[in-house]
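The following note is offered to a colleague who wishes to read this structure at the level of its strands, helices and individual residues. Please consult the sequence and the structure alongside the numbered points.

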Amino acid sequence: MTVNVNHVIRYLRESERGEAELIDDAELNLMLDPYRKTYPLPYKCSRERCNTTIAYWALHSTGARIEPGPERRQTGLVFPDLEWEQRFEEPIDWAMNGDGVISLETNPEVGSGWPLRWRFTCPRCNSQYVHTNKEMLRLFLHTLYARREKIRPGTIR
Ligand SMILES: [Zn+2]
């Protein structure tokens, strides 16, 4: 079953599920399946004249969540490696390793980084962007819908 990406965006917008529930939403995950193998998209700083690539985003292989990574993997291996079941741990490790461009941001609703809420810091101009997982899914899907190859924060609301 392949549904139009705009349908998935609408489903996300209209869903009243919380962040944690959304990650395991069976209907949403089914709709995301055709898009999981999308090549990781560069996430760009949207500050004028900066335009630096901050991270790369990919869809998780089973859950309704975005996995950010610091770099695009080398040829032959899609990031995150879609054959590797434990790959989700990897971006978490990166985020936990302190002062990188990607870190887990505390969620005021739960007092921790869970459900996922990420902070991205531009390595060039230090602009900071914080996104919930749901916002990241919407940004990722909007980028696909617009047939763009780069994700820019602030392009949707
Ligand atoms: Zn920047």
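1. A residue is called exposed if 12 or fewer other C-beta atoms lie within 10 Å of its own, and buried if 20 or more do so, with C-beta atoms placed from the backbone. This cut-off is applied here to a predicted model. Arg 147 has 7 other C-beta atoms within 10 Å and is therefore exposed. Arg 147 belongs to the segment after α5. Its backbone also deserves attention: the phi of Arg 147 is positive, at about 55°, although the residue is not a glycine.

2. A second arginine calls for the same kind of inspection. Arg 49 lies in the loop that runs between β1 (41-44) and β2 (53-59). Its phi is near 65°, a positive value in a residue other than glycine. Arg 49 has 6 C-beta neighbours inside 10 Å and so counts as exposed.

3. Regarding the helices, two packed helices are described by the angle between their axes and the distance between the axes. For helix α1 (residues 5-14) and helix α5 (residues 133-145), the axes come within 9 Å and cross at roughly 155°. An angle over 145 degrees counts as roughly antiparallel, and α1 and α5 are therefore roughly antiparallel to each other. The crossing of these two helices is left-handed.

4. Which residues of α1 meet α5? On the α1 side they are Val 5, Asn 6, Val 8, Ile 9 and Leu 12. Their counterparts in α5 are Lys 134, Leu 137, Arg 138, Leu 141, His 142, Leu 144 and Tyr 145. By character, the residues of this contact between α1 and α5 comprise 8 nonpolar, 2 polar and 2 charged.

5. Turning to the strands, those of a sheet pair through backbone hydrogen bonds, either parallel or antiparallel. The model contains an open sheet of 3 strands, in the order β4-β5-β6, with antiparallel pairing. Why do β4 (102-104) and β6 (128-132) each have one side without a neighbour in the sheet? Both stand at the edges and have a single partner strand each, so one side of each is left without a neighbour there. From one strand to the next, the twist averages 25°.

6. One pairing within the sheet can be followed to the residue. Strand β5 (residues 117-121) pairs with β4 in the antiparallel sense over 3 bridges. Ser 103 has Arg 119, in β5, as its bridge partner.

Conventions: Residues are numbered from 1 along each chain as its sequence is written. This is a predicted model: local features need pLDDT of at least 70, side-chain atom pairs count only at pLDDT 80 or more; totals for chains, interfaces and linings use all residues. Two strands pair if DSSP finds at least two bridges between them. Helices (H or I, at least four residues) and strands (E, at least two) are DSSP runs, numbered from the N terminus. Axes are lines fitted to C-alpha atoms, for helices over the stretch in contact, and angles run from 0 to 180 degrees between N-to-C directions. Angles under 35 degrees count as roughly parallel, over 145 as roughly antiparallel, 65 to 115 as roughly perpendicular and the rest as oblique. A crossing is left-handed if the near helix is turned anticlockwise from the far one by less than a right angle, and right-handed if clockwise. Two residues are in contact if their C-beta atoms, placed from the backbone, lie within 7 Å. Ala, Val, Leu, Ile, Met, Phe, Trp, Tyr, Cys and Pro count as nonpolar, Asp, Glu, Lys and Arg as charged, and the others, Gly among them, as polar.
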